[in-house]
Amino acid sequence: MGDILVREMTCDRLNFDTLRGVKMMDCRPARKFVLRIFSRLETPVSYTLRTAIGLALVVFAGAVTSKAQQPASDLVLHRTVTYADRQTYIEVPFDVGEGVTRITVSCSYTERDKHTVIDLGMFDGERFRGWSGGNKSTFTISETDATPSYLPGPVRPGRWKLILGVPNIEKDTRSEFTATIHFEYKGDVAAVSTFSQAPLRTGNAWYRGDLHMHDAHSDGSCMSRLGHKVPCPLYKTVEAAASRGLDFIAISDHNTTSHFNVMRELQPYFDNLLLMPGREITTFQGHANVFGTTAFIDFRLTSPNVPDIDTLLRNVKEAHGVFSINHPGLPSGAACMGCGWTAPDTNFSKVDAIEALNGDASEGPYSGIPYWQERLNKGFRITGIAGSDNHNADLPPQARSAVGHPTTVVYAPELSERAILEGIRAGHVFIDGEGTKDRLIEFTGRAGGRSASMGDVLQAGAGEKVQFAVKTVALAGAHIEVIQDGRLTDLSDVSPIKSADETREFTYQSDGAKHWIRVNVRSEAGALLILGNPVYLNY
């Protein structure tokens, strides 16, 4: 006979804190009771429920079942393992409720120093989902991706089983095993990053990345070992990004989610390069990248499932994705179906970013800059970003559309998915057109004790003077140009930048109306080296 400890917790879900990148939960013990039951097991199992939301508690072999009123967000399982369990497999069942999209399991046990070994595996209600043995203490399973050793696939409601293998435990040893099971639901947001539990780096900095790349999971190709053109493995794209010193990348294969499982496998190895989930929503009326979610997003624009662009934008927002229109300046038609943006009645207030620079189309008839600036002139605060649109990871670094050429540079408090995406949403971004490792601008405005940087709003009344400053790093010999509402101005000194680290200032007198002002940096020959996002006046 054994005791089962059941503790229900009452939790109030608070809003996602976008600035800190965390979810906050307020949990309070609701009640505690002990069931004393007869069991065929020698040792009891203790279940602790947090955020009780309809999870049924099930103790081995159907010995007892107790249902809470609502499904649970977190479940903690306790099992005492003794010599009687040596070289056996213990099934630890738990119920998965409706609406769960991801299960994450974290395990620990005592008496390791006494040669106790407990291995891990998992079955769902229908099939084997994986076995990691003793090599992992934490794993995750979702429809799109899973920790290596485990299989991605549908997370169906019903009885799942955590499997404990006990190859060794000494006599007179009692090992306390604990498993914490965390459930995620549609619309949940990763607290830090999708594929990593902690920031890869901390501290305010400009982080460099590529937000548009393709590999074997869509139409990326490269040469095989024997010289044949083949679908290019995702690994090569990640390796190229790491070798070029990028801080983050988003793989954006067309419409699919199959690449997320490979990205999860690669992230622990590439622990200095943040891998963010992305995909290129590819429609007949335009292409757009979506960052920050692994959920399936129906791309069939104009079908009954997605009748209009507003439906697509709403679906992305419900998944907490960042929506960025790709290469809007490209033509659309038989030559390149859907490449330009032609979706009617697009609500640009729901668009987070526009790809101002795409691969080798930085300027000229296919540039995205005019399209982006037209939206700015209509009053929308939309971040200008860049992407290489790389389809061949073997392109040399200096080639246009090579991995990291051009580069999106984001100011963020840490190198995490949440921080990078919030930086993009906020417009704290500039574009390095040649994807260098060191070029930098900082553009700020000050008025009446108030200040703003790229992406921010600065209020300045009619007649009030605004002092702007442009800091440049590693841009000696180039020159600055100031753009106001899409037009080149003479506000700034256009003489060549003299030093590797230089700051120039200029004064602007506000008329009290809405305006946006941003800066470019061009080479002596006129090539666009840096594109900055605006400071918004009186928005």
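**Reasoning from values to labels**

Trainee: Why does R79 count as buried?

Mentor: In this predicted model, R79 has 3% relative accessibility. Buried means under 20%, so R79 counts as buried.

Trainee: What joins the side chains of D85 and R79?

Mentor: A salt bridge does, with 3.5 Å from N to O. The cut-off is 4 Å between a side-chain nitrogen of Lys or Arg and a carboxyl oxygen of Asp or Glu, so the 3.5 Å of D85 and R79 satisfies it. In general, side chains of opposite charge can pair when their charged atoms come close.

Trainee: Why does D85 count as buried?

Mentor: D85 has 11% relative accessibility, and buried means under 20%; therefore D85 counts as buried.

Trainee: What makes the pair of R208 and D432 a salt bridge?

Mentor: Their N to O value is 3.3 Å, and a salt bridge requires a value within 4 Å, so the pair qualifies. This pair links distant parts of the chain, 224 residues apart: R208 belongs to strand β14 (residues 202-210) and D432 to strand β24 (residues 429-432). Both residues are buried.

Trainee: How do you know that E464 and R450 meet in a salt bridge?

Mentor: The N to O value is 3.0 Å, and the limit is 4 Å, so the criterion is met. E464 lies in the loop between β27 (457-458) and β28 (465-473), and R450 in strand β26 (residues 450-453), so the pair ties together parts that are 14 residues apart in sequence.

Trainee: Why does E464 count as partly exposed?

Mentor: Partly exposed lies between buried, under 20%, and exposed, over 50%. E464 stands at 24%, so it takes this label. R450, with a relative accessible area of 35%, is partly exposed as well.

Trainee: How many salt bridges does the rule give?

Mentor: The count comes to 25 salt bridges.

Trainee: Why is the pair of C222 and C232 called a disulfide?

Mentor: The S to S value is 2.3 Å, and a disulfide needs sulfur atoms within 2.5 Å, so the label holds. The torsion about the S-S bond is about 95 degrees, so this disulfide is right-handed. C222 lies in strand β15 (residues 221-223) and C232 in the loop between β16 (229-231) and α1 (234-243), so the pair ties together parts that are 10 residues apart in sequence. Both C222 and C232 are buried.

Trainee: Is the disulfide of C336 and C339 right-handed or left-handed, and why?

Mentor: The torsion about its S-S bond is about -70 degrees, so the disulfide is left-handed. The sulfur atoms of C336 and C339 are 1.6 Å apart, and the limit is 2.5 Å, so the pair qualifies as a disulfide. At 23%, C336 is partly exposed, whereas C339, at 9%, counts as buried. By this rule the count comes to 2 disulfides.

Trainee: Which residues touch the most other members of the largest nonpolar core?

Mentor: L312, F323, W341, V351 and L357 do, in a core of 31 residues. At least two residues of this core come from each of β19 (286-291), α3 (309-318), β20 (322-325), β21 (353-358), α4 (369-377) and β33 (528-532). Another core lies apart from it, with 30 residues, among them I90, V100, Y109 and F183.

Trainee: Why does F123 count as partly exposed?

Mentor: F123 has 35% relative accessibility, which falls between 20% and 50%, so the label follows. F123 is found in strand β9 (residues 117-123) and joins Y89, F128, W131 and L151 in a nonpolar surface patch of about 520 Å².

How values were computed: Residues are numbered from 1 along each chain as its sequence is written. This is a predicted model: local features need pLDDT of at least 70, side-chain atom pairs count only at pLDDT 80 or more; totals for chains, interfaces and linings use all residues. Side-chain values use heavy atoms; hydrogens and water are left out. Helices (H or I, at least four residues) and strands (E, at least two) are DSSP runs, numbered from the N terminus. Buried means under 20% relative accessible area, exposed over 50%, partly exposed in between (1.4 Å probe, protein chains only). Patches are made of residues with over 30% relative accessible area and no salt bridge: like charges are joined within 9 Å, nonpolar side chains (Val, Leu, Ile, Met, Phe, Trp, Tyr) within 5 Å. Accessible areas come from the Shrake-Rupley method with a 1.4 Å probe; for residues, only the protein chains shown count as cover. A nonpolar core is a set of buried Ala, Val, Leu, Ile, Met, Phe, Trp, Tyr and Cys residues joined through side-chain atoms within 4.5 Å.
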